[in-house]
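Q: Please take a close look at the charged pairs in this model, and then follow the chain outward from them. I would like one connected account rather than a list.

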Amino acid sequence: MTTKTSALVCNFSFRTSSLTTRFSAQRRSRTLGAEPNCVPAMSDSNSRVAADMDCNGNAQSVPVGVDYAEIVVVRHGETDWNADGRFQGTLDVELNAIGRQQAIAVSERLYREGKISAIYSSDLKRALETANMIATACGGLEVITDPGLRERNFGELQGLQPHVAASVCPEAYKALQSQKTDQEIPGGGESIDQLYQRCTMSLRNISIKHKGERVVAVTHGGVLRTLYTRACPNKPPVRFLNTSVNIFHLSDGDNWVFKSGGDVSHLSQIEYLRTGFGGDRSSG
């Protein structure tokens, strides 16, 4: 197991009993107008602390002459499968009505916060629809699709709720729980290592193209968790709720700063899942 991926194991492995309890109650875990889920940056040997975190919608455009790319990574809006606690993975699930409201809210927020040079998105519908709303609000930018930002492929588990998956696909479910980061999931599913290499390379490539600029990347819960682990290995987890705003600074491709994250202050008047599937230990 490599050092850079060892910290990911606990993020993707979980017990059947706790999952059954958590997801069976998920539809009752909505909140409206709750306090923003917002955390400061953390650092390690590959990243530095950014002290000027702002969780109140007051972010500024990237200053002229900076040597990093500011990448605002946004999780897609809510889907019915999020509310049901299903493994979505690479299946193409659309936003639900609440998810579209969330996407509008985050779009308006990002427009107010400063110039965006480019918008990237996973090519899955739930992310792409969210990205298109952001693009419309921010002057009609073209959305650049990037399969590298796709959610983790869960193979045979996709479309199932965890407690069902444990019964009908025991081998695949066992693979998901494996402590081996190179363990693939039966049915074409990815390993943790494969997800890590794919999505961190995607963000690295975006940063190289946009040094000194502010860009948006719309993606998924599992991807966000992986990017956070790249920037802040061995640090406490962050809840990446639907349409949460998460800011990364990348310089020279390899120097990662997690400036702030988990911010859903723009959802103060809109319902959202407090523990949305993917916002905690798995994907979405």
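**Charged pairs and their surroundings**

A: With a relative accessible area of 43%, Glu-94 falls in the partly exposed class, and this residue is a convenient place to begin in what is a predicted model. As a general principle, side chains of opposite charge can pair when their charged atoms come close. The partner of Glu-94 is Lys-125, and the closest N and O atoms of this salt bridge are 3.8 Å apart. Because Lys-125 belongs to helix H6 (residues 125–137) while Glu-94 sits in the loop between helix H4 (80–84) and helix H5 (97–113), the pair ties together parts that are 31 residues apart in sequence. Lys-125 is likewise classed as partly exposed, at 40% relative accessibility.

This pair belongs to a wider set, since a search of the whole structure finds 13 salt bridges. One of them joins Glu-70 to Arg-214, with 3.4 Å between the closest N and O atoms. Glu-70 is in strand S3 (residues 69–75) and Arg-214 in strand S6 (residues 214–219), so here the parts tied together are 144 residues apart in sequence. Both Glu-70 and Arg-214 are buried. The two residues also take part in a network of salt bridges that links Glu-70, Arg-109, Glu-113, Arg-214, Lys-259 and Asp-263.

A further pair is formed by Asp-252 and Lys-211, whose side chains meet in a salt bridge at 3.6 Å from N to O. Asp-252 is found in the loop between S7 and strand S8 (255–263), and Lys-211 in the loop between H9 and S6, so that distant parts of the chain, 41 residues apart, are linked. Asp-252 has 60% relative accessibility and is therefore exposed, whereas Lys-211, at 46%, is partly exposed.

The loop of Lys-211 leads back to H9, and that helix has a contact of its own to consider. The axes of H9 (residues 192–209) and H10 (residues 221–231) come within 9 Å and cross at roughly 75°, which makes the two helices roughly perpendicular. On the H9 side the contact involves Leu-195, Tyr-196, Cys-199, Thr-200 and Leu-203, and on the H10 side Gly-222, Val-223, Thr-226, Leu-227 and Arg-230. Sorted by class, these residues comprise six nonpolar, three polar and one charged.

Beyond H10, the loop that runs to strand S7 (245–251) contains Asn-234, and Thr-243 lies in the loop between H10 and S7 as well. Neither residue is a glycine, yet Asn-234 has a positive phi of about 65° and Thr-243 has a positive phi of about 60°. Their surroundings contrast: Asn-234 is exposed at 68% relative accessibility, while Thr-243 is buried at 0%.

One uncharged residue completes the picture, namely Gln-158, placed in the loop between strand S5 (143–145) and helix H7 (162–168). Its relative accessibility is 14%, so Gln-158 counts as buried. The side chain of Gln-158 reaches the backbone nitrogen of Thr-90 at 2.8 Å. Leaving aside residues up to four places away in sequence, Gln-158 touches Phe-87, Gln-88, Gly-89, Thr-90, Leu-91, Arg-152 and Asn-153.

How values were computed:
Residues are numbered from 1 along each chain as its sequence is written. This is a predicted model: local features need pLDDT of at least 70, side-chain atom pairs count only at pLDDT 80 or more; totals for chains, interfaces and linings use all residues. Side-chain values use heavy atoms; hydrogens and water are left out. Axes are lines fitted to C-alpha atoms, for helices over the stretch in contact, and angles run from 0 to 180 degrees between N-to-C directions. Helices (H or I, at least four residues) and strands (E, at least two) are DSSP runs, numbered from the N terminus. Angles under 35 degrees count as roughly parallel, over 145 as roughly antiparallel, 65 to 115 as roughly perpendicular and the rest as oblique. Contact means heavy atoms within 4.5 Å. Ala, Val, Leu, Ile, Met, Phe, Trp, Tyr, Cys and Pro count as nonpolar, Asp, Glu, Lys and Arg as charged, and the others, Gly among them, as polar. Buried means under 20% relative accessible area, exposed over 50%, partly exposed in between (1.4 Å probe, protein chains only). A polar contact is a pair of N or O atoms within 3.5 Å; within protein, one must be able to donate a hydrogen and the other to accept it, and residues adjacent in sequence count only if both atoms are side-chain atoms. A salt bridge is a side-chain nitrogen of Lys or Arg within 4 Å of a carboxyl oxygen of Asp or Glu.
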